[in-house]
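Let's take a friendly walk through the empty spaces inside a protein and along the parts that surround them. Keep the model open beside you as you read.

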Amino acid sequence: MKWNFADKRLENIYDKIKKATRLSKEDGLLLFDSFDLNGVGMLADTVRQRLHGQKAFYIYNQHLNYTNICKNRCLFCAYAVDKVDTASYSWNMEEIETRLMERIDEPVNELHIVGGLNPDLDFSYFTQLLKTVKRIRPNSKIKAFTCVEIDYLSNLSGLSIDATVAALKNAGLDMMPGGGAEVMSERVRKKLFPKKMGKERWLEIMEAVHRAGLKSNATMLYGHIETVEERIDHLILLRELQEKTGGFSAFIPLAFHSKNTGLADLPSTTAVDDLKMIAISRLMLDNFPHIKAYWVMIGEKLAQVALNYGADDLDGTIIEERITHTAGAKSAKGLTREQMEEMIISAGFIPIERDSFYGEIHAEH
Ligand code: V47
Ligand code: SF4
């Protein structure tokens with residue numbers, strides 16, 4: 001069947017998609033410029049179907065945010081506070097253990113662990129943290145620390161990046177989440193996260209992580225002051241690194257939430273922007289196996305629709321999400337396995353519970 005594009009400019013891109021030809025920066029800009037949301041979605045769905053058919057993945061996971069004290073205080077972050085703030089916290093090993101034991105009867109497959117840069121925590125805290133989690137959950141995988149934390153730990157310990165990653169891997173680190181790059185633009189960095197590392201350092205650390213044999217994800221924070229060109233440049237930088245290392249597993253576009261941040265006057269992203277962002281990520285990142293629709297940020301309902309716009313993964317059950325909810329997210333704090341599966345089935349897809357490496361889990365339930 002021939003698709004009747006409302007925006008005829010998309011026909012050219014469809015030809016490239018059919019031949020699996022890599023899209024250029026100009027193609028990416030054209031896709032953002034197009035008013036034809038369904039046309040862009042159809043292109044992304046073609047790629048998604050080729051890679052994953054009707055499968056849609058999710059994971060049974062738990063988030064642990066070990067501290068909200070952070071010395072960086074990025075303008076877009078509502079989660080981080082100063083030590084003197086009454087809302088500040090930092091979990092010791094007993095508290096980590098308590099959080100894990102609260103859910104010990106649940107089939108948690110992955111622990112997603114990230115936190116702020118808290119100068120009171122030394123390097124041994126992080127290796128102990130990993131060992132504690134492995135002791136209590138020996139069969140679960142640990143996806144922990146962004147490049148920002150790895151950079152911080154390397155400076156704290158005086159170890160090279162390679163040695164830092166090796167020490168963490170040795171203590172139980174299984175893979176890394178995608179955060180920390182935000183938007184790889186020096187212009188945006190200077191305005192929103194001047195204390196955080198630049199793109200060169202983020203890419204260098206990711207390369208070292210992949211070299212150490214660890215897989216990672218990648219993210220992009222969008223919907224604040226970035227331009228569409230900066231979004232496309234970000235995607236192309238990720239695509240280039242993936243060509244080199246093959247270490248990225250999933251890409252997750254993160255929709256900016258402004259409540260309680262230094263950018264509180266900015267409006268939320270629209271549904272059209274969220275869907276286009278997912279679809280264009282699928283199209284530009286032809287060497288990334290997976291694109292996640294992170295339901296926490298775009299809401300359960302839109303995440304379900306996103307399965308038709310290039311996404312093949314809804315992330316996880318999560319149980320207790322803090323970062324986006326502090327910034328005003330209206331989504332649930334966690335979902336049950338049944339809710340995840342129902343979202344997927346009612347969208348016309350086959351739910352696949354997965355482990356951290358996209359191995360399929362066929363549990364009795
Ligand atoms: O790096 C911070 C973002 C990230 C806000 O790898 C915000 O599987 C929106 O990286 N509005 C952390 N976003 C979350 C993250 C992540 C999430 C889910 C899955 C994976 C994965 C990774 O959250 C930060 C930052 O980019 N963030 N503040 C905010 N106000
Ligand atoms: Fe700290 Fe990360 Fe929040 Fe920036 S985004 S203030 S580095 S916790």
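Begin by finding Gly180, Ala181, Val183, Met184, Ser185, Glu186, Arg189, Phe193, Met197, Gly198 and Lys199, the residues that line the second largest cavity. On a 1 Å grid over the protein atoms alone, a cavity is a set of points where a 1.4 Å probe fits but cannot get out, while a pocket is an open set with protein on both sides within 12 Å along at least five of seven lines; a lining residue has an atom within 4 Å of a point. This second cavity holds about 60 Å³ of space. Here a volume is the space filled by probe spheres set on the grid points, which are joined across faces, edges and corners. Sorted by class, the lining has five nonpolar, three polar and three charged residues, where Ala, Val, Leu, Ile, Met, Phe, Trp, Tyr, Cys and Pro count as nonpolar, Asp, Glu, Lys and Arg as charged, and the others, Gly among them, as polar.

A word on how to read all this: the model is predicted, so local features need pLDDT of at least 70 and side-chain atom pairs count only at pLDDT 80 or more, whereas totals for chains, interfaces and linings use all residues. Residues are numbered from 1 along each chain as its sequence is written, chains are lettered from A and ligands numbered from 1 in the order in which they are written, and side-chain values use heavy atoms, with hydrogens and water left out.

How many cavities of 30 Å³ or more does the structure hold? There are two, and the largest has a volume of about 830 Å³. Its lining is made of 42 residues, and Val114, Gly179, Glu182, Leu254 and Ile323 are the closest to its centre. Two or more lining residues come from each of α6 (147-157), β6 (215-222), β7 (248-255) and α14 (323-326). These labels follow DSSP runs numbered from the N terminus, with helices (H or I) of at least four residues and strands (E) of at least two. The lining of the largest cavity divides into 20 nonpolar, 14 polar and eight charged residues.

What sits in the largest cavity? Ligand 2 does, in the sense that more than half of its atoms lie within 2 Å of the grid points. Around ligand 2 you will find Cys70, Asn72, Arg73, Cys74, Phe76, Cys77, Ala80 and Lys196, each with a heavy atom within 4 Å of the ligand. This shell has five nonpolar, one polar and two charged residues.

Now follow α6, one of the elements that line the largest cavity. Eight of its eleven residues are buried, so α6 is largely enclosed by the rest of the structure; buried means under 20% relative accessible area, exposed over 50%, and partly exposed in between, using a 1.4 Å probe and protein chains only. The buried ones are Cys147, Val148, Glu149, Ile150, Asp151, Tyr152, Leu153 and Ser154. They pack against α5 (123-136), α7, β5 (175-176) and α9 (199-211), with contact taken as heavy atoms within 4.5 Å. Just after α6, Gly158 has a positive phi of about 75 degrees.

Next comes Ile161, which belongs to helix α7 (residues 161-171). Ile161 counts as buried because its relative accessibility is 9%. Setting aside neighbours within four places in sequence, Ile161 is in contact with Ile150, Asp151, Ser154, Arg201, Ile205 and Ala208. Ala208 is 47 residues from Ile161 in sequence, yet their C-alpha atoms are 7.1 Å apart.

Let's move to the pockets. The largest has a volume of about 250 Å³. Among its 19 lining residues, His257, Ser268, Met297, Gly328 and Ala329 are the closest to the centre. Helix α12 (residues 295-298) gives the largest share of this lining, three residues. By class, the lining has nine nonpolar, seven polar and three charged residues.

The second largest pocket offers about 170 Å³ of space. Its lining is shared in part by α3 (37-52) and α11 (271-284), each supplying at least two residues, and α3 gives the most, with three. Six nonpolar, one polar and four charged residues make up this lining.

Our last stop is Ala332, in the loop between α14 and α15 (337-346). Is Ala332 buried or partly exposed? Ala332 is partly exposed, because its relative accessible area is 25%. Not counting residues up to four places away in sequence, Ala332 touches Trp295, Glu300 and His325.
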